[in-house]
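Okay, thanks for squeezing me in. I'll put the model up and walk through what caught my eye, so keep it in view while I talk.

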Amino acid sequence: MPEKETRSNHGNRGVDDHLVEDNISESSDEKVAIPRHLGLMGCIWHTVGTVIGTGIFISPSGILRGSSGSVGVALIFWVLCGLINTLGTLIYTELSLMFKKSGGELAFLLEGWGPGLAFLKLWMMAIVTTASYCVQSITIAQYLLTPFFQCSEPPVVAVQLFAAACIIFIVAINCINVRLSSHFAAFFTVTKTFGLMVVIATGMYNLGLGRVSNLQNAFPSGHFDVKLLPIAFYSGMFAYSGWDTALSLTEEVKRPERNIPLSLIISMTGITIVYILANISYLTLLSPTDIITSEAVAADYSVLALGRWSWLIWFFVAMSAMGNLNSGTFKRGRQVFAAARDGLFPEIMAMLSITRRTPIPAVLSLLISLVYLVEVDVIKLIQYMAFIENIFDTMTVAVLPYYRWKHPEADRPFKCPVIAVVIYMACQIFIMGMAFYLDPVKKSIGLVVSLSGIPVYFAFFSRRYRIKCIRPYSEKATRFLQRLFVCIHQEKKTY
């Protein structure tokens, strides 16, 4: 594979900036870079920690609604979406091990289609990711505070302040130490898995008692609405989303050619089995109608299954959301760092703390999610942008056949079957087509929001067209922030 030119705007730093780096380097015994600290279990913790969020606890109703209330079809969709996403992990694994860079899909889009498209993906992430962090933090706050306000809803201000504290806490532990976040990921993963085991154990107990009425006649002969299928697909794909976390951390994984694919296969297999068993458990006490109309399936189930101990499920849901928030912050911080290193974000975001070896500026940028805690309909924004996420996923996957044709000589430690690419792309295109057909207005709004990043790219990050007069000011700001955070560019190449 021919050597690509480095897409970076970091080559023209001021003299003072170099002096800062020289002085800092002299005080350090080793070169500043993020170490390879993730083994097989570390990759599994982060993958499971990101994938298993609040979806399986709160609202598996989407798949059942999209299946027209058919229990059998809904369970098939859980398996199907698990298989489709597993195929996605195989595709991304080949790209990740071929490019050997952190950043995940951002790195793939950059290498395959250029900086413009990669920036639009980053722009969309800056909008949607921060909004989703807001949703996760509010979920944590509501599930931890509700048991203390059983006669009424928790005060809005209390929820907002608690949610803000959760975001700040997670960002802080991701700034302190590269291994600390992984330790927390392990803790949250064990906690949420134990919560699901409680649900599954009570479900198996109910099955033993013969409570199978909701599982009988799994394929009713009534009307099946094909137009609802996108709801099932979207809900299922969302429930499995986040599997690309380890693929965004390639430069931090020990023996990535072994640990990345192995961790993903183990994680996705286990998650799919747990999801299916959890849904069967819900159906032992809740009818399909109950699940479809419920806004918090696990909470409704826990009241019936655990009685006065139902608060345990509320705690496990909160810990699940916390784990998702932690691993998501770990992943997005690295993606911002990698993108800035390639010149797609402000230069300060591409620097590492000399004492912590963490990308503190990149991680701190995620605090913008605090803005969404104000009264904003972030759920609607996320729904608008989900369609665009499918478009970028399809374009990312298309990099693999393009590189197979353009650079057949490239080193590929892992090679994905071509049929996996065909099936995954076909599913993504089907979902996009059906979704746009059923709701073209919302999907068009999402497209416009995504394309609004084009003028930002050309004004500030395009090598050819960016505004030159702001450069002296940006360099001064970079030097100031560099001294403030005591950070420099990484001193050795890690890919």
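Let's go straight to the surface. In this predicted model, Leu447, Leu451, Ile454, Phe458 and Tyr465 together make a nonpolar patch of about 450 Å². Which elements give two or more residues to that patch? That would be helix H19, running 440-451, and helix H20, running 453-460. Take Ile454 as one of the patch residues: Ile454 sits in H20, and with a relative accessibility of 35% it counts as partly exposed.

Now the charged pairs. How many salt bridges does the structure hold? The count is 11, and I'll go through a few of them.

Start with Glu94 and Arg404, a salt bridge whose closest N and O atoms are 2.7 Å apart. Glu94 belongs to helix H5, residues 71-99, and Arg404 to helix H17, residues 399-406, so this pair ties together parts that are 310 residues apart in sequence. Is Glu94 buried or exposed? Its relative accessibility is 1%, so Glu94 counts as buried.

Next, Lys121 and Glu389, whose side chains meet in a salt bridge at 2.8 Å, N to O. Here Lys121 is in helix H7, residues 115-145, while Glu389 is in helix H16, residues 378-397, so parts 268 residues apart in sequence get tied together. If you look at the two ends, Lys121 is buried, with a relative accessible area of 0%, whereas Glu389 comes out at 25% relative accessibility and counts as partly exposed.

One more pair: Glu252 with Arg334, where the closest N and O atoms are 2.7 Å apart in the salt bridge. Glu252 comes from the loop between helix H10 (229-239) and helix H11 (256-285), and Arg334 from helix H14 (residues 311-341), so the parts tied together are 82 residues apart in sequence. Both Glu252 and Arg334 are buried. And back to Glu94 for a second: salt bridges with shared partners join Glu94, Arg404 and Arg412 into one network.

On to the cysteines. I had the whole structure searched for disulfides, and the search finds zero. Cys43, for instance, is in no disulfide, and the nearest cysteine sulfur, in Cys416, is 18 Å away. Cys43 counts as buried, at 2% relative accessibility.

Why is Cys427 not bonded to Cys81? The closest cysteine sulfur to that of Cys427 is the one in Cys81, but at 8.6 Å it is too far for a bond; the cut-off for a disulfide is 2.5 Å between the sulfurs. Cys427 also counts as buried, with 17% relative accessibility.

A few backbone oddities for the torsion people. Ser68 has a positive phi of about 60°, although it is not a glycine. You'll find Ser68 in the loop between helix H4 (61-66) and H5, and its 29% relative accessibility makes it partly exposed. Val486 is another residue other than glycine with a positive phi, near 50°. Val486 is in the loop between helix H21 (471-485) and strand E2 (487-489), and at 38% relative accessibility it counts as partly exposed.

Then there's helix H6, residues 105-113. Why call H6 largely enclosed by the rest of the structure? Because eight of its nine residues are buried. Those buried residues are Glu105, Leu106, Ala107, Phe108, Leu109, Leu110, Glu111 and Gly112. Just after H6, Gly114 takes a positive phi of about 100°.

Last thing, confidence. The chain averages a pLDDT of 86, and 91% of the residues score at least 70. Which elements have the lowest and highest mean pLDDT? Helix H1, residues 15-26, has the lowest at 44, and H11 the highest at 95. Over residues 1-28 pLDDT stays under 50, and for that stretch the model has 54 contacts beyond four places in sequence. Where pLDDT is low, the predicted coordinates should not be read in detail.

That's my tour. Happy to rotate the model if anyone wants another view.

How values were computed: Residues are numbered from 1 along each chain as its sequence is written. This is a predicted model: local features need pLDDT of at least 70, side-chain atom pairs count only at pLDDT 80 or more; totals for chains, interfaces and linings use all residues. Side-chain values use heavy atoms; hydrogens and water are left out. Patches are made of residues with over 30% relative accessible area and no salt bridge: like charges are joined within 9 Å, nonpolar side chains (Val, Leu, Ile, Met, Phe, Trp, Tyr) within 5 Å. Accessible areas come from the Shrake-Rupley method with a 1.4 Å probe; for residues, only the protein chains shown count as cover. A salt bridge is a side-chain nitrogen of Lys or Arg within 4 Å of a carboxyl oxygen of Asp or Glu. Helices (H or I, at least four residues) and strands (E, at least two) are DSSP runs, numbered from the N terminus. Buried means under 20% relative accessible area, exposed over 50%, partly exposed in between (1.4 Å probe, protein chains only). pLDDT is the predictor's confidence in each residue, from 0 to 100. Contact means heavy atoms within 4.5 Å.
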